[in-house]
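Hi,

Here is the structure I promised to pass on. Have a look at it first, and my notes on what turned up follow below.

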Amino acid sequence: MNTVIEKIKKMITHPQALGMLALEQRLARGLSDKAFVSLEYWLTIGKKLELGNPTTFNEKLQWLKLYDHNPNYAAYVDKYEVRSLIEKKIGKQYLVPIIELYESVEQIKYSRLPSQFVLKPTHTSGNVLVCHNKDNLDVQLVNRKLESWLKRDYYWVHREWPYKNIKPRIICEPLLVDESDFELKDYKILCFNGIPKIIQVMSGRSKRQFYLNHFDINWNPVTIERSDHSSLNPSDITKPKRLSEMIDIARILSNGFSFVRVDFYHTPENLYFGELTFFPASGMIQFKDESVDHEWGSWLTIIH
């Protein structure tokens, strides 16, 4: 194992220049989950991972990643299978409508799709293709991207166990927008042992930027600076009308989990469930102030 780690280290001229996909493809599959996670943590956070007595939020998420192998988690992260679970827990009205579900790129008939839509794989994280105007769509380019997503086993990217052995499919949904009429913000509620504590608002995706703002559950701004995301002036982010409903739902969906992030979309007409995330940023959030990592860690009690 040490020999493999040394080879990987030699590939790297600077930790920030690490291409995790290359690491995944070339050498990482020779590492155990623990060795891989420890190495990635060191390269990303710059510290040795403490698993014997984890205290920070990031450390505890790594522990959960390695040792909390609840077989039910796969259905929660599968973007299609989770729908039936959500319908049973909170109701079908919170589900984003489905246009179609595909098991192969060949099944996609673009002529039958609306002018605007969204395509995303059901078995990975972070892969989304947004079509604002079908007339401008490069179908061949899109198909190549979809093919690469279908071939991807996301478990190997960060060793997030819930993604192991999920059936690869592509889901097509309508393009949603919020009150801006051109983009869609994500409202992400971080729940610690079933208690909603922090609300993240992700905005700016339409401009290929990612802003993250934080609020407590009473919508008071919380200053949390990260190396990988900037933030907007909190006064520029309007409190969602159905915030209390989001919090109530997050409390229901997070019950029984040590940690989970519950995501929502809020359009002028509806409130929609987005997804459940057990390891935000794969448990390697680059906090500028380490005290936040410790504070969040103190809120999380690992359920054995």
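Before the details, one cut-off: a residue is called buried when its relative accessible area is under 20%, and exposed when that value is over 50%. Also keep in mind that this is a predicted model.

With that cut-off in hand, start at Ser254, which sits in helix α9. Ser254 has a relative accessible area of 1%, so it counts as buried. What does its side chain find there? A polar atom of the Ser254 side chain is 2.7 Å from the backbone oxygen of Ala250. Setting aside residues up to four places away in sequence, Ser254 touches Cys191, Gly194, Ile195 and Val260.

Leu253 belongs to α9 too, a helix that covers residues 243–254. Its relative accessibility is 2%, so Leu253 is buried as well. Its contacts, leaving out neighbours within four places in sequence, are Ile86, Lys89, Ile90, Val262, Phe273 and Leu276. There's also a long-range pairing to look at: Leu253 and Leu85 are 168 residues apart along the chain, yet their C-alpha atoms are separated by 9.6 Å.

Now for the sheet, since several of those contacts lead into it. Six strands make up an open sheet, ordered β8-β7-β6-β5-β9-β10, with antiparallel pairing. The edges are β8 (221–222) and β10 (271–277); each has a single partner strand, so one side of each has no neighbour in the sheet. In general, the strands of a sheet pair through backbone hydrogen bonds, in either a parallel or an antiparallel way.

β9 is the strand I'd look at most carefully. It spans residues 259–266 and pairs with β10 in the antiparallel sense over five bridges. On the other flank, β5 (residues 186–192) runs antiparallel to β9 and is joined to it by six bridges. If you want to check the register, these pairs will help:

- Cys191 is opposite Val260 in β9.
- Val262 has Leu276 in β10 as its bridge partner.
- His266 is opposite Leu271 in β10.

Two of these tie back to α9: Val260 is one of the residues touched by Ser254, and both Val262 and Leu276 are in contact with Leu253. The link between β9 and β10 is a hairpin of four residues.

How many of the residues in β9 are buried? Eight of its eight. Phe259, Arg261, Asp263 and Tyr265 point one way from the strand, while Val260, Val262, Phe264 and His266 point the other way, and all of them are buried.

You'll probably ask about voids. There is one cavity of 30 Å³ or more, and the space in it comes to about 60 Å³. Its lining is Leu64, Asp68, Tyr73, Phe257, Ser258, Phe259, Phe278 and Phe279. Sorted by class, that gives six nonpolar residues, one polar and one charged. Phe259 turns up in this lining and also in β9, among the residues that point one way from that strand.

Last, the overall numbers. The chain has 10 helices and 10 strands. Of its 304 residues, 50% are buried. For contacts between residues at least 6 apart in sequence, 61% join residues at least 24 apart.

Over to you!

How values were computed
Residues are numbered from 1 along each chain as its sequence is written. This is a predicted model: local features need pLDDT of at least 70, side-chain atom pairs count only at pLDDT 80 or more; totals for chains, interfaces and linings use all residues. Side-chain values use heavy atoms; hydrogens and water are left out. On a 1 Å grid over the protein atoms alone, a cavity is a set of points where a 1.4 Å probe fits but cannot get out, and a pocket is an open set with protein on both sides within 12 Å along at least five of seven lines; lining residues have an atom within 4 Å of a point. Grid points are joined across faces, edges and corners, and a volume is the space filled by probe spheres set on the points. Ala, Val, Leu, Ile, Met, Phe, Trp, Tyr, Cys and Pro count as nonpolar, Asp, Glu, Lys and Arg as charged, and the others, Gly among them, as polar. Helices (H or I, at least four residues) and strands (E, at least two) are DSSP runs, numbered from the N terminus. Buried means under 20% relative accessible area, exposed over 50%, partly exposed in between (1.4 Å probe, protein chains only). Contact means heavy atoms within 4.5 Å. Two strands pair if DSSP finds at least two bridges between them. A polar contact is a pair of N or O atoms within 3.5 Å; within protein, one must be able to donate a hydrogen and the other to accept it, and residues adjacent in sequence count only if both atoms are side-chain atoms.
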